[in-house]
Structure formats: structure tokens, C-alpha cells
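I sat down with a fresh notebook and a structure I had not met before. Here is what I looked up, in the order I looked it up.

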Amino acid sequence: MMPSGTHHTELDIPIEHVWTFVSDMNKWAPLVPGYVEHNILHERQSTWKFKGDVGIVQKTVHLQIDITEWHEPTKVTFNLTGLTENVKGGGYFEAKALGQNRTKITSYLGVSAKGMMGPVINSVLKSFVPKTTKQLTEAIAEKVVRRQAVSV
């Protein structure tokens, strides 16, 4: 079973304001826990570099992100592939209007390590992935709310 995490939160913000923020990767990429840098290769592909603790070892991981679906203003789905590590996965960010000025946001991430070290790395990812998903969702929500407060 692939280590995964899902996190939801609701904001008193119109869906269009949420989408304006999340549709620009440069605005939220630095909010990803362990973020080092990202490079946009083209509209649907980018590479990312993260630093994180995997057990007692600190690793730097390079990933390629391929956007597979882009449904404005509700959902972005992506696949990820390890460039330096044998990992694969995917996820999505979804926004759902609950009213004119209320939006539910949901993030999902699933990542699985392959190869000989896969079982060991996956045991660490079982707690790491849900925690990272929650931290990113809450960081995005906080930033969207803060930007809305500034623009009002």
C-alpha cells in the first residue's frame, strides 16, 4: 500500500481567490515542507528539490512533477517521479465552493519508494507523507487568507 495523506480545510474565501493563488506554482512552492527550489520546464512539467529527514538520514531529493489534469477553478492532478531516488507517486489539490465566500480545499499526496530500500523508506513515508500533506494544506490556507486580508 502506497504511503499517502489527505487533508481538508475550509476558508471564508471565494473559490476564485483560492484558485488565483494555487494556479501559480511560484506562489505556493516555497510553502512545501523541505522546499529547496523548483524549476518550471513548461506549463505542465517542473522539477523540484527537497531536503528532508528520512529516519536518521538527511536526504536531498529531486522530483519531476507532471500535471495530468488542470480543471480551473477546482482541481489540479499530478504525477511525481524521482530523479535521484526510486520513488513514484501523485496527488491533487482540489477546491470546492461551499458558497459565494466559502471554499473547501483538499490536498492529497501518495508516494511510494521502489527497489531494495523501498520497504524501509516506505515505513518512514507512512508518517511523513500525511504530516507533509497537512502542513502544506494549512500553509496554503494561511497564505490565501493573509493575501485576502491585505487586498480587502
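The entries below go from the core to a helix pair and then to single residues.

**Entry 1: the model.** I noted before anything else that this is a predicted model.

**Entry 2: the core.** I began with the largest nonpolar core and found that it has 33 residues. Val18, Trp28, Trp48 and Ile140 are the ones with the most contacts inside it. Next I asked which helices and strands each supply at least two residues of this core. My list came out as α1 (15–22), α2 (25–28), β3 (45–54), β4 (57–71), β5 (75–82), β6 (87–99), β7 (102–113) and α3 (118–151). Of these, α3 gives the most, with 6 residues.

I then picked Ile140 for a closer look. Leaving aside residues up to four places away in sequence, Ile140 touches Phe21, Val22, Trp28, Leu31 and Phe93.

**Entry 3: two helices that cross.** How do α1 and α3 lie relative to each other, parallel or perpendicular? I found that their axes come within 10 Å and cross at roughly 115°. The two helices therefore count as roughly perpendicular, since that class takes in angles from 65 to 115 degrees. I also wrote down that the crossing of α1 and α3 is right-handed.

On the α1 side, the contact is made by His17, Val18, Phe21 and Val22. On the α3 side I listed Ile140, Lys143, Val144, Arg147 and Gln148. Sorted by class, this contact has 5 nonpolar, 2 polar and 2 charged residues. I was pleased to meet two names again here, as Val18 and Ile140 are also among the residues with the most contacts inside the core.

**Entry 4: strand β1.** I looked up Ser4 and Thr6, and found Ser4 in strand β1, which covers residues 4–11. Thr6 has its place in β1 too.

Is Ser4 buried or exposed? Ser4 counts as partly exposed because its relative accessibility is 30%. Thr6 is also partly exposed, at 44%.

For contacts, I again left out residues up to four places away in sequence. Ser4 touches Tyr108, Leu109, Gly110, Val129 and Pro130. Thr6 touches Thr106, Ser107, Tyr108 and Thr133. Tyr108 appears in both of my lists.

I took two C-alpha distances as well. Ser4 and Ile67 are 63 residues apart along the chain and separated by 18 Å. Thr6 and Lys96 are 90 residues apart in sequence and 15 Å apart in space.

**Entry 5: strand β4 and the loop after it.** I moved on to Gln58, which is found in β4. Gln58 counts as exposed because its relative accessibility, 52%, is over the 50% cut-off. Beyond residues up to four places away in sequence, Gln58 touches Lys51, Gly52 and Asp53. Its C-alpha atom is separated by 19 Å from that of Pro130, 72 residues apart along the chain.

Where is Pro73 found? I located Pro73 in the loop between β4 and β5. The peptide bond from Glu72 to Pro73 is cis, with omega near 0°.

**Entry 6: back to α3.** My last stop was Phe128, which lies in helix α3. Phe128 counts as partly exposed, at 30% relative accessibility. I closed with its C-alpha distance to His8: the two are 120 residues apart along the chain and separated by 17 Å.

Conventions. Residues numbered from 1 in each chain as written. Predicted model: local features only at pLDDT ≥ 70, side-chain atom pairs only at ≥ 80, totals over all residues. Heavy atoms only, no water. Core = buried A, V, L, I, M, F, W, Y, C linked by side-chain atoms within 4.5 Å. Buried < 20%, exposed > 50% of the residue type's maximum accessible area, 1.4 Å probe, protein only. Helix = DSSP H or I, 4+ residues; strand = E, 2+ residues; numbered from the N terminus. Contact = heavy atoms within 4.5 Å. Axes fitted to C-alpha atoms, helices over the stretch in contact; angles between N-to-C directions. Parallel < 35°, antiparallel > 145°, perpendicular 65-115°, else oblique. Left-handed = near helix turned anticlockwise from the far one by under 90°. Nonpolar A, V, L, I, M, F, W, Y, C, P; charged D, E, K, R; others polar.
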